[in-house]
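Got the model open in your viewer? Let's walk through it stop by stop, with something to select at each one.

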Amino acid sequence: MRPFTYHRLLSHEARLDALKTCDDAKYISGGMTLLPSIKLGLTLPSDLLDVTALPGMNDITVEARRVRIGAAVTHARIADNAALQAICPAFCDLARQIGDRHVRNRGTIGGSLANNDPAADYPAALVALDSSIETESRTIAIEDFLLGMFETTLDEHELVTAITFDAPDTARYEKFPHPASGYAMAGVFLSRISGAYRAGVTGASGQGAFRCEDLERLLDAGSPMAEIASLRFDDLDIFEDRFGSRAYRENLIRVLARRAAVYLTV
Ligand SMILES: Cc1cc2nc3c(=O)[nH]c(=O)nc-3n(C[C@H](O)[C@H](O)[C@H](O)COP(=O)(O)OP(=O)(O)OC[C@H]3O[C@@H](n4cnc5c(N)ncnc54)[C@H](O)[C@@H]3O)c2cc1C
């Protein structure tokens with residue numbers, strides 16, 4: 001492992017100074033993805049800038065139905081937050097299903113979003129909740145933020161500072177975890193916002209998480225579950241690998257969509 005210099009940043013001024021003086025710096029949050037990548041030699045930063053102690057990055061605020069989650073909040077804190085649980089329990093439930101206890105205690109929502117793993121859980125929810133991503137310089141709608149597998153619209157060294165959304169009327173996350181890694185083979189997050197459904201799907205596509213408007217239309221029209229069972233994904237790049245065929249993953253989406261829909265419609 002190549003040596004690097006670790007900096008624990010306590011202010012945004014210190015962050016800007018470090019970026020000016022470091023050769024090839026990278027932000028580190030929970031390190032759950034970055035450290036294995038460094039160990040494997042996939043990335044070799046000269047400096048790691050720890051963003052978890054920066055002001056405002058660790059708060060969860062719920063005001064009326066508006067939710068703001070700082071980028072350095074861990075999955076475990078999201079899972080256990082009582083205010084969030086009261087207005088959007090599906091989001092806490094999703095966080096509870098990420099990886100294992102160690103990953104949930106270290107990994108953060110901002111790190112997960114910046115990484116944009118196509119099998120990560122949050123993107124499905126954030127698409128279905130019509131959320132926004134705040135950085136130090138702008139606010140980005142989630143569908144503009146996620147550009148595809150491991151790609152986002154973030155500029156180099158642009159810092160994710162928070163995630164915001166309005167709590168839905170109701171929501172549900174259904175996931176089929178990979179038995180070894182815990183990542184989603186497929187995950188479907190359904191929400192109902194002011195009476196209209198929104199659906200986010202993760203895990204199944206090389207494009208990363210996507211919004212499933214066909215599913216939303218069926219739910220808005222009150223279509224029978226049998227119609228969800230025949231949803232098609234012909235235009236999407238659905239994964240096919242040794243863990244599951246394309247047909248298997250398409251079927252998983254339909255099954256999970258029906259499970260979530262049954263929960264929301266009873
Ligand atoms: C065994 C294991 C199982 C896992 N299972 C799941 C799972 O089931 N579901 C799931 O969703 N995830 C899973 N993960 C991933 C986990 O959720 C990580 O927390 C997440 O991918 C990265 O978050 P982090 O805080 O550790 O980021 P880091 O590893 O610190 O950083 C990841 C990347 O984001 C950048 N970055 C970090 N913070 C910011 C920021 N604020 N602004 C801009 N860039 C930033 C870093 O420079 C780096 O490039 C798993 C990970 C492991 C190791």
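Begin by selecting β11, β12, β13 and β14: these 4 strands make an open sheet, in exactly that order, and their pairing is antiparallel. Keep in mind as you look around that this is a predicted model. Now colour the two edge strands, β11 (residues 170–177) and β14 (residues 210–211), each of which pairs on one side only.

Zoom in on β11 and its partner β12, residues 184–193. The two run antiparallel and are joined by 8 bridges. You can pick out individual pairs here: P177 has A184 of β12 as its bridge partner, and T170 is matched with R192 of β12. Follow the chain from β11 into β12 and you'll trace a hairpin, with 6 residues between the strands. Stop at G182 in the turn, where phi is positive, at about 85°.

Next, bring in the helices that pack on this sheet. Select α12, residues 246–265: this helix touches β11, β12 and β13, and its direction makes about 35° with that of β12. Then add α10, residues 213–220, which packs on the sheet by touching β13 (196–202) and β14. The direction of α10 makes about 150° with that of β13.

While α10 is on screen, click on R217, which is found in this helix. Is R217 buried or exposed? Partly exposed is the verdict, because R217 has 13 C-beta neighbours inside 10 Å. If your viewer has a distance tool, try R217 to A199: the two are 18 residues apart in sequence, and their C-alpha atoms are 9.9 Å apart in space.

Time for another sheet. Select β1, β3 and β2, and you have an open sheet of 3 strands in the order β1-β3-β2, paired in parallel. β1 (residues 5–8) and β2 stand at the edges with a single partner strand each, so one side of each has no neighbour in the sheet. Turn the view a little to see the twist: on average, neighbouring strands here are turned by 25° against each other, direction ignored.

Between β1 and β3, residues 47–50, look for 4 bridges in the parallel sense. One spot to label is R8, which stands opposite D50 in β3. Now show α1, residues 12–21. This helix lies across β1, β2 and β3, running at about 170° to β3.

Zoom out and colour by domain. The domain assignment splits the protein chain into domain 1 (5–50), domain 2 (60–166) and domain 3 (170–265). How far apart are the centres of domain 1 and domain 2? Taken over C-alpha atoms, the separation is 20 Å. Where these two domains touch, domain 1 gives 8 residues and domain 2 gives 12 residues to the contact. On the domain 1 side of that contact, you'll find 3 nonpolar and 5 polar residues, and no charged ones.

On to the ligand. Show what surrounds it: there are 29 residues, and those that come nearest are G30, M32, G99, G107 and G111. The elements giving two or more residues to this shell are β2 (25–28) and α7 (109–115). Which element has the largest share of the shell? That's α7, with 5 residues. Try colouring the shell by residue type, and you'll get 13 nonpolar, 13 polar and 3 charged.

For the last stops, visit a couple of loop residues with unusual labels to check in a backbone-angle plot. Select N116, in the loop between α7 and α8 (122–128). Phi of N116 is near 45°, a positive value in a residue other than glycine. N116 also counts as buried, because 21 other C-beta atoms lie within 10 Å.

Carry on to D130, in the loop between α8 and β6 (132–135). Here too phi is positive in a residue other than glycine, with a value near 55°. What about the surroundings of D130: how many C-beta neighbours lie inside 10 Å? There are 17, so D130 counts as partly exposed.

Notes
Residues are numbered from 1 along each chain as its sequence is written. This is a predicted model: local features need pLDDT of at least 70, side-chain atom pairs count only at pLDDT 80 or more; totals for chains, interfaces and linings use all residues. A residue is near a molecule or strand if its C-beta atom, placed from the backbone, lies within 6 Å of it. Ala, Val, Leu, Ile, Met, Phe, Trp, Tyr, Cys and Pro count as nonpolar, Asp, Glu, Lys and Arg as charged, and the others, Gly among them, as polar. Two strands pair if DSSP finds at least two bridges between them. Two residues are in contact if their C-beta atoms, placed from the backbone, lie within 7 Å. Axes are lines fitted to C-alpha atoms, for helices over the stretch in contact, and angles run from 0 to 180 degrees between N-to-C directions. Domain bounds come from an automatic or database domain assignment. A residue is buried if 20 or more other C-beta atoms lie within 10 Å of its own, exposed if 12 or fewer, and partly exposed in between; C-beta atoms are placed from the backbone.
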